[in-house]
Every structure is written in structure tokens, then in C-alpha cells.
Amino acid sequence: MPLRWFQSCPSFIRKHRNGLAFRLFSSFAIILVVILSLQSLAEIALMKSMLRIPSSIQDKMLDLAYQANVLIDEGDMDELADWANAQEYYLFVLDKNNRPITHRDMHPHFEFKLKYLRPLNTQLDNKVNQPIIGIPLNDGLTIVMQMPYKYHPARYFSLYFSIIKIIISGLILGLFSWVIARYLQKPLDKLREVSHRLSEGDFTIKVADEIGHSVREFSELAHDFDNMTGEIHSLAEKQKRLIRDVSHELRTPLARHNLALHLLRKRTDNEHVHLLDRLENESAEMNNLVGEILEFSQLENARYSTKLESLILDSYCEAQITQLRSDLKSNQTLETRFSLGTDVVMVDRRLLARCVNNLISNAIKYAGGNATIRLLITRYQENELHYIAVIVEDDGLGIPEHQLKDIFAPFTRLESARDKQSGGYGLGLAIVKEAMSVMKGKVKADNRKEGGLRISLLFPV
């Protein structure tokens, strides 16, 4: 039956039935019908439960009937008429023929409405009116009274109906919004999860398989995302190959150039040897610069291949310090202070060694000939996040505050401290920043209050 109905429905519906607009329209139509139905049912229930004479008014009417019985038993009809005139309710005591037992005149409209006499427990109308209520008395008499419109329960129904509409609409729309949000959030959560895995280098994930094909727009977005993932993977592989090829193509002519200089030195007289020394220095500088550039480029792609491992920082950094002490200038000192013991973090050994070497080498170059350099490993907290920090600090001149945020940019040199003669290319700290990003950490720089620069490598706990 459903298949036959689907085949007989208009082609427009068949074409767009899996579209998001059609799904939302269908949902809104259903929710509108539900709201209207619930409101109608609530109004009917309200009328049935509340369209009764209020209990306080019923008590008053019964009390009036009791008083009428007492006066009738006493037989004073004039007093009964005076009593009836004095009441808030317009009332009469009638005999079996619906005629007043007193000489008090009855209004013609009231007399006409006696045809619609109602018992005390009657169901009232949903419009405000003045119904005639009859209560049996002794000796076959009946007291009839007109209920004032101000006591009619329907006078507040417009307010009640408005409140019911607001409450039902709010509840249903809130539930509907939650369902729609969940319906739309599920594929978005899948996209976020996939993009996170993609950022970690997992190119095998397929969004289309994760999301499915229930909604055409999401399905098309998933296929586009998969195509984008394939393109990114292809570009990453091409960039890796390019870096590998450039490394080979640049180092090969440099090696031939060094060999030619070595052979030329044997045929050069002493008067021109200094020119060969200069050429060899320039060649060595070019070779170092190519190595730095390639290292930086490789780190930009390392997030797709780097494998982190658990490492005790104290012992590993101590081994690196031993090798760096030989690079100190004659009046420089290198101190260490480790306070972690056996605490471990997730790092890449090669990248951590490169970071520590770069920071200490920078301090040796730029902190001054009499500087004291310190390597500290300690716990660190920032914005309620806990880290293990590897800190390299010195007591040199430091860096101007407005330039602190720029020192991690590639090829950045500070005019007062970094120049070609000092051996800096402006890539050392850029490599440190990229390496920390690859290891899921971060690096920050600040000037010490006592003077000098402090650079912290922060590894999340």
C-alpha cells in the first residue's frame, strides 16, 4: 500500500521527498495539526470540567431555597415577596403551573426563559448568559432564580483558552525544536568528529558511510567532504614528495660545490686561500639554511605521521644538556632544576630534543657573554588547565614586549639581537612552535621580572 501510494503521488513530491525542506515542511505540518488538536481537546475538557455552577453559588442558592421553605411554612406571602425583592438574585417561588405564589409581578423575559429552566447541577453554556435555575421546595413548589452573569464561569474562558494555547504551543514547539535539533545535530556531530580525525591525519574515514543517505543535502555534503579529504590527502602526499625531492636536489649541487672547492684548494696559492675559506663558509651557511627550511616544512606536515610516546622528561633532558654544555661561551653557565621525578608526558623524542637544543642555543647566542642560562622542568597551570613545563630562561636583556608575539614567525629577526653575523636565520623558534603544535602542546615567551627572556614548552597533562 505505501509503495502504491508513493508511485501515485505527484512527481514533485517523489523528487523532493528526501530533501531537507520537504522533511521540515512535513514536520511543521504534523506539529501544527498536533497543536491544534491538543488545543481543541484541552478546550473541550476545560468546558466540561468548569462549565458548572460554582460550588459557592450553589451553596448560596440552596440557602435561599431553605429560607424560602421557612417563609412558606410560616404562610406570610407578603413577607415572602419582600424577602424575594431584597435578594441579590432575581427569584420567584412557583407552583406546579409555574405561576408565582405571591402577587409580585414577573418580568416577561424571565417568564419566557422559564421554558429553559435548569437544575442546580446543570451543564452551562460556553457563552456568558443568565440561566434560570430551579430548586424543588416543599409541597411541590419550586424556587427559580436567575444566576447573575458576573458569576458565570465562562467569563474567564477567553483568558483560560489563551493560557492553554500558549502552554501547549510552547511545550509542543519546545519538544519539536529538541527533536529537530537532535535530527540536525547528529550529522553535524559526525562531521565534527570526522574533521577532528582528519586533522590528526586519518584520511581513511568516509563521512558518507558515517552519515548515511537519509537526507539528500547531508548526503551531498558528506560526499563533498569525502572529495575534499581525498584532495587534501593527495596534496599532503605531493608536498611530502616535493620536500623529499627538494632536499635531494638542493643538497646534491651543494655537495658537488664543496667537492669542487676542496679540489680547488689544492691548486690555489696561499694569497687566495682566504677567498676559498669565504666560499666554504657561504656554502656551509647555505647548507644549514636549506636544512632549517626543510626541517620547518617537514614539521608542518609532521602531524600526519608523528607518533607520540610516553617519556620521563627529567632524564631525557639531562642527557641533552650534557651535549650542549660544550657550546657555552667562556663566562656563561648552564643550570638545571628538575622537580618532577618520574612524571611522564606524551612527546616525540626527536622533536623534543630539537626544541630544547634550539632554545638553549638561542640563549647561548643572544643572552650575552656573561649570561646564566637555566633549564627548568616543573608543573604549570593556566586557565584551570594543567601542564608540565620545560622552561629555558636567561638573565640577558630580554625582548621588547611588543615583539614577543612575533618571535615565533618564520624568518623573524630582531634588529637588536638577531642578524646574519650571529648565525640566526629566524627559523629556530618557528620550528619550536611547529614542533610543539605537532606534540599537542604549546609554547609561550615572556620577559622575566629580574631581566632576561623565558620561553616555556607546555605539555598538557
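Colleague: Does K442 count as buried, partly exposed or exposed, and at what relative accessibility?
Modeller: This is a predicted model. Partly exposed covers the range between under 20% and over 50% relative accessible area. K442 therefore counts as partly exposed, its relative accessibility being 34%.

Colleague: With which residue of strand β7 does K442 of strand β9 pair?
Modeller: Side chains of opposite charge can pair when their charged atoms come close. A salt bridge joins K442 to a partner whose closest N and O atoms are 2.5 Å apart. The pair ties together parts that are 60 residues apart in sequence, because K442 lies in strand β9 and the partner in strand β7. The partner is E382.

Colleague: Which residue of strand β9, 62 residues apart from E382, is also linked with it?
Modeller: E382 is buried at 17% relative accessibility. It forms a salt bridge with a lysine at 3.3 Å between the closest N and O atoms. That lysine is partly exposed, with a relative accessible area of 25%. The residue is K444.

Colleague: Which element gives the most to the largest nonpolar core?
Modeller: The largest nonpolar core has 41 residues, and L352 and I360 are among those with the most contacts inside it. The elements giving two or more residues to this core include β7, β9 and α12. With nine residues, the greatest contribution is that of α12.

Colleague: Which element gives the most to the negative patch?
Modeller: The surface patch of negative charge gathers D73, E74, D76, D78, E79, D82 and D139. Two elements, α4 and α5, give two or more residues to the negative patch. The one that gives the most, with three residues, is α5.

Methods
Residues numbered from 1 in each chain as written. Predicted model: local features only at pLDDT ≥ 70, side-chain atom pairs only at ≥ 80, totals over all residues. Heavy atoms only, no water. Patch = residues over 30% accessible without salt bridge, like charges linked within 9 Å, V, L, I, M, F, W, Y side chains within 5 Å. Areas by Shrake-Rupley, 256 points an atom, 1.4 Å probe, with all protein chains shown as cover. Salt bridge = Lys/Arg side-chain N within 4 Å of Asp/Glu carboxyl O. Lys, Arg positive; Asp, Glu negative; His and termini not counted. Charge placed at Lys NZ, Arg CZ, Asp CG, Glu CD. Helix = DSSP H or I, 4+ residues; strand = E, 2+ residues; numbered from the N terminus. Core = buried A, V, L, I, M, F, W, Y, C linked by side-chain atoms within 4.5 Å. Buried < 20%, exposed > 50% of the residue type's maximum accessible area, 1.4 Å probe, protein only.
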